Amino acid sequence: MQYIRLHAQAPDKPVLGQPCNGCGVCCSAEPCPVGQWLFGQREGACPALQWQAQTARYGCGVLLNPRRYLRWLPAWAEPVARRWLARRIAAGKGCDSDAELLD
């Protein structure tokens with residue numbers, strides 16, 4: 001059994017396949033392939049997972065601010081990097097976490 005910590009205001013995890021709502025469960029459990037590549041970590045919460053207080057949801061720091069994590073990336077390339085990274089992590093494709101949560 002794995003325990004993860006989430007912000008008290010985080011939305012409930014959607015059902016597998018439903019639209020992502022920024023609950024943070026998937027990225028708190030393990031890094032995605034991009035996170036594994038960037039951070040060399042396969043277990044535990046992704047270091048790029050960011051709580052966004054203004055929207056009360058989690059977001060991917062690599063997508064929100066690519067140059068923070070890819071310091072070599074020129075500013076003009078950020079939009080292209082965001083699109084490429086979003087495809088790599090299937091952002092916007094729906095919940096892909098089959099984690100079962102305890103109340």
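Two aromatic pairs occur in this structure, which is a predicted model.

**The aromatic pairs**

Start with Phe39 and Tyr69. Their rings meet edge-to-face. The centres are 5.8 Å apart, and the planes stand at 85° to each other. Where do the two residues lie? Phe39 belongs to helix 2 (residues 33-39), while Tyr69 belongs to helix 4 (residues 66-69). The two partners are 30 residues apart in sequence, so their pairing ties together separate parts of the chain.

Is Phe39 buried or exposed? Phe39 falls in between: it is partly exposed, with a relative accessible area of 27%. Tyr69 has a relative accessible area of 18%. Residues under 20% count as buried, so Tyr69 is buried.

Trp51 and Tyr58 make up another pair. This one is also edge-to-face, with 4.9 Å from centre to centre and 70° between the planes. An angle over 60 degrees is what edge-to-face requires. Trp51 is partly exposed, at a relative accessible area of 24%. Tyr58 is buried, at 12%.

Here are the four ring residues side by side.

| Residue | Relative accessible area | Class |
|---|---|---|
| Phe39 | 27% | partly exposed |
| Tyr69 | 18% | buried |
| Trp51 | 24% | partly exposed |
| Tyr58 | 12% | buried |

**The cysteines**

Now turn to sulfur. A disulfide is a covalent bond that joins the sulfur atoms of two cysteines. How many disulfides does a search of the whole structure find? The count is zero.

Why is Cys26 not bonded to Cys27? The sulfur of Cys27 is the closest cysteine sulfur to that of Cys26, but the gap is 3.7 Å, too far for a bond. The cut-off for a disulfide is 2.5 Å. Seen from the other side, Cys27 is in no disulfide, and its nearest cysteine sulfur is that of Cys26.

Both residues can be placed by their accessibility. Cys26 is partly exposed, with 34% relative accessibility. Cys27 is partly exposed too, with a relative accessible area of 24%.

**A nonpolar patch**

Finally, look at the surface. Which residues make the nonpolar patch there? Met1, Tyr3 and Leu102 do, and the patch covers about 490 Å². One of its members, Met1, sits in the segment before helix 1 (25-29). Met1 has a relative accessible area of 79%. Anything over 50% counts as exposed, so Met1 is exposed.

Note on methods: Residues are numbered from 1 along each chain as its sequence is written. This is a predicted model: local features need pLDDT of at least 70, side-chain atom pairs count only at pLDDT 80 or more; totals for chains, interfaces and linings use all residues. Side-chain values use heavy atoms; hydrogens and water are left out. Rings of Phe, Tyr and Trp (its six-membered ring) pair if their centres lie within 6.5 Å; planes under 30 degrees apart count as stacked, over 60 as edge-to-face and the rest as tilted. Helices (H or I, at least four residues) and strands (E, at least two) are DSSP runs, numbered from the N terminus. Buried means under 20% relative accessible area, exposed over 50%, partly exposed in between (1.4 Å probe, protein chains only). Patches are made of residues with over 30% relative accessible area and no salt bridge: like charges are joined within 9 Å, nonpolar side chains (Val, Leu, Ile, Met, Phe, Trp, Tyr) within 5 Å. Accessible areas come from the Shrake-Rupley method with a 1.4 Å probe; for residues, only the protein chains shown count as cover. A salt bridge is a side-chain nitrogen of Lys or Arg within 4 Å of a carboxyl oxygen of Asp or Glu.
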